[in-house]
Amino acid sequence: MAQIDGLPPLREVITTHGLAAKKSLGQNFLLDLNLTARIARIPGDLSGADVLEVGPGPGGLTRGLLANGARRVLAIEKDARCLPALAEIAAAYPGKLEVIEGDALEINALAHLSSPIHVVANLPYNVGTELLIRWLTPASWPPFWQSLTLMFQKEVAERITAEPGSKAYGRLAVLAQWKCEAHIALRLPPEAFTPPPKVSSAVVHLKPRPAPLFQAPEALLTQVVAQAFNQRRKMLRASLKGMHPEIETLLTEAGIAPTRRAETLSIEEFATLTRTIAAARQP
Ligand code: SAM
């Protein structure tokens, strides 16, 4: 294995610091530093940027980010056992790594970061999805981040990047792609992790669009998409009944056959339909 820094190999770090993986914290570690360096290169040049890393664990990805020249890394880790290992990395990169112990869902990371900011994380998938939704729905757009590079279970990664007409296409795809360009940057088999999880994983890279792809009021769009996919097998005239008493007419007005199903609608069609419903609701 090629050296990416002068620090000890991750297996040694784990033994030295007694970091047996805890299932309750979704700990599946990446111990191959070539692989973590590859993931760290996905956001591009980090030399003039701060990086928010969530869930650094023993620090494999953190080391990749620092070796890739990140201006600064802010790492938020819930497991206090990892802090001594992370402190060793901080000592090897003076002034470049700040570690905060805590729950990423509760910490205001922004207070510790300066623009431009990239987010990189290999997290338990439930925390990752929750954070992704928060990062996609800030009070204003464009968001504070220049890119998100996030590891998910393969199935979740496919739901984020899915095209209309596919089984994976749903709320997550519409929300993510309405606001971002999203693609799967890397696929990883379970064996890439220690211990190996049950399923394959994939890294999704998201770059914010300057503005959402098609204009529509966000709160209503979110409702329309949620209703439509809640009963994804039903025709839209049935699944969207609760949105407006004249939904069938409004669907036709928006150029969408009322007999179509949610998964066949493009993001543009969801936006057009949302605008049509919003207009019809105006007193
Ligand atoms: N980034 C490391 C790697 O790639 O080897 C560790 C990945 S492991 C899948 C997930 C990490 O997230 C663990 O270190 C775990 O303790 C941490 N974690 C879990 N929930 C967290 C939360 N809510 N906030 C911050 N860290 C969390």
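User: Happy to look at this predicted model with you! Which residue has a polar backbone atom 2.8 Å from a nitrogen atom of the ligand?

Analyst: Good place to start. In this predicted model, a polar contact is a pair of N or O atoms within 3.5 Å. A ligand nitrogen atom and a polar backbone atom fit that cut-off at 2.8 Å, and the backbone atom belongs to Gly 55.

User: How far from an oxygen atom of the ligand is the polar side-chain atom of Asn 122?

Analyst: Asn 122 is listed among the closest of the 21 residues that surround the ligand. Its contact uses a polar side-chain atom, and the distance to the ligand oxygen is 2.7 Å.

User: How much of the ligand's accessible area does the protein cover?

Analyst: On its own, the ligand has 590 Å² of accessible area. The ligand sits in the largest pocket. The share covered by the protein is 98%.

User: Which elements give two or more residues to the shell around the ligand?

Analyst: The shell holds 21 residues, with Leu 30 and Glu 77 among the closest. The elements that reach two or more residues are β1 (29–30) and β3 (72–77).

User: Now to His 244: is it buried or exposed?

Analyst: His 244 lies in the loop between α9 (236–239) and α10 (247–253). There it touches Leu 250, Ala 280 and Arg 281, leaving aside residues up to four places away in sequence. Its relative accessible area is 13%, and the cut-off is under 20%, so His 244 is buried.

User: Which residue's backbone nitrogen lies 3.0 Å from a polar side-chain atom of His 244?

Analyst: The His 244 side chain supplies one polar atom of this pair. The backbone nitrogen at 3.0 Å belongs to Glu 246.

Note on methods:
Residues are numbered from 1 along each chain as its sequence is written. This is a predicted model: local features need pLDDT of at least 70, side-chain atom pairs count only at pLDDT 80 or more; totals for chains, interfaces and linings use all residues. Side-chain values use heavy atoms; hydrogens and water are left out. Helices (H or I, at least four residues) and strands (E, at least two) are DSSP runs, numbered from the N terminus. Buried means under 20% relative accessible area, exposed over 50%, partly exposed in between (1.4 Å probe, protein chains only). A polar contact is a pair of N or O atoms within 3.5 Å; within protein, one must be able to donate a hydrogen and the other to accept it, and residues adjacent in sequence count only if both atoms are side-chain atoms. Contact means heavy atoms within 4.5 Å. A residue is near a molecule or strand if one of its heavy atoms lies within 4 Å of it. Accessible areas come from the Shrake-Rupley method with a 1.4 Å probe; for residues, only the protein chains shown count as cover. On a 1 Å grid over the protein atoms alone, a cavity is a set of points where a 1.4 Å probe fits but cannot get out, and a pocket is an open set with protein on both sides within 12 Å along at least five of seven lines; lining residues have an atom within 4 Å of a point. A molecule sits in a cavity or pocket if more than half of its atoms lie within 2 Å of its grid points.
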